[in-house]
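Here is a short, friendly tour of one protein model. Keep the sequence and the 3D view open side by side as you read.

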Amino acid sequence: MSTVSWTTEVDRGLCMGSGMCAGIAPELYGLDDEDRAKPLRHRIPPDERALDAADSCPAAAILVREGDELIGPRP
C-alpha cells in the first residue's frame, strides 16, 4: 500500500475562473461562489487528472506538489 500523497492548491490571485480544472477533474476541483477554482480536497492520492488540470489552467493557478516538490504544472 502506497503512502504517497499529493497536495493541490489554487492561487486565487491568478485564477481567472475558466473552469477548465472543474471540467477535467470534477472530483478534484470546483468553482466557488465567485467563480474561482478551488480544490475539493487539499491532500489527494496521486492522480494524473490533477496534473492535467494544472497543465490546462490558462492562468497557471493550480499547483500540485509531492512533498516539497512542485510536480504540476509540468514544464
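## A loop residue that turns inward

Let us begin with D47, which touches W6 and L28 once residues up to four places away in sequence are set aside. This model is predicted, and D47 is found in the loop between β4 and α2. Is D47 buried or exposed? Its relative accessibility is 15%, and since buried means under 20%, D47 counts as buried.

One of the partners of D47 is W6, and W6 is a good guide to the next part of the model. W6 has I44 of β4 as its bridge partner, and W6 is also among the residues with the most contacts inside the largest nonpolar core.

## The sheet

Which order do the strands of the open sheet take? The sheet has 4 strands, running β4-β1-β5-β6 with antiparallel pairing. The edges are held by β4 and β6, each of which has a single partner strand, so one side of each lacks a neighbour in the sheet.

Now walk across the sheet, starting from the β4 side. Between β1 and β4 there are 2 bridges in the antiparallel sense, and T7 stands opposite R43 in β4. Between β1 and β5, also antiparallel, there are 4 bridges, with E9 bridged to L63 in β5. Strand β1 itself is largely enclosed by the rest of the structure, because 4 of its 5 residues are buried.

At the other end, β5 (residues 62–66) and β6 (residues 69–72) pair in the antiparallel sense over 3 bridges. R65 has L70 in β6 as its bridge partner. The hairpin of these two strands has 2 residues between them, and there G67 adopts a positive phi near 65°.

## The helix on the sheet

Helix α2 spans residues 48–56, and its buried residues are A50, L51, A53 and A54. Why can these residues be said to line one face of the helix? Viewed down the axis of α2, the buried residues fall within an arc of 160°, so they line one face.

What lies over those buried residues? The cover includes β1 (6–10), α1 (20–24), β2 (29–31), β4 (43–44), β5 and β6. Turning to the sheet as a whole, α2 packs on it and touches β1, β4, β5 and β6. The direction of α2 makes about 140° with that of β5.

## The nonpolar core

In soluble globular proteins, nonpolar side chains tend to be buried together. Here the largest nonpolar core has 18 residues, and W6, V10, Y29, A50, I62 and V64 have the most contacts inside it. Which elements give two or more residues to this core? They are β1, α2 and β5, with α2 supplying the largest share, 4 residues.

V10 is worth a look in the viewer. Apart from its neighbours within four places in sequence, V10 is in contact with C15, Y29, A37, K38, P39, A61 and I62. Two of these partners, C15 and P39, lead on to the next two stops.

## Cysteines without a bond

How many disulfides does the structure hold? The number is 0. C15 is in no disulfide, and the nearest cysteine sulfur, which belongs to C57, is 6.3 Å away. C15 is buried, with a relative accessible area of 7%.

C21 is likewise in no disulfide, its nearest cysteine sulfur being that of C15 at 6.5 Å. C21 is also buried, with a relative accessible area of 5%. A disulfide requires two cysteine sulfur atoms within 2.5 Å, so the 6.3 Å from C15 to the sulfur of C57 does not qualify.

## A last stop at P39

P39 sits in strand β3 (residues 37–39). With a relative accessible area of 26%, P39 is partly exposed. Beyond its neighbours within four places in sequence, P39 is in contact with T8, E9, V10, L28 and Y29.

How far apart in space are P39 and E27, C-alpha to C-alpha? They are 9.1 Å apart, with 12 residues of separation in sequence. To close the loop of this tour, L28 is in contact with P39 and is also touched by D47.

Notes. Residues are numbered from 1 along each chain as its sequence is written. This is a predicted model: local features need pLDDT of at least 70, side-chain atom pairs count only at pLDDT 80 or more; totals for chains, interfaces and linings use all residues. Side-chain values use heavy atoms; hydrogens and water are left out. Two strands pair if DSSP finds at least two bridges between them. Buried means under 20% relative accessible area, exposed over 50%, partly exposed in between (1.4 Å probe, protein chains only). The arc is that of the directions from the helix axis to the C-beta atoms. Contact means heavy atoms within 4.5 Å. A nonpolar core is a set of buried Ala, Val, Leu, Ile, Met, Phe, Trp, Tyr and Cys residues joined through side-chain atoms within 4.5 Å. Axes are lines fitted to C-alpha atoms, for helices over the stretch in contact, and angles run from 0 to 180 degrees between N-to-C directions.
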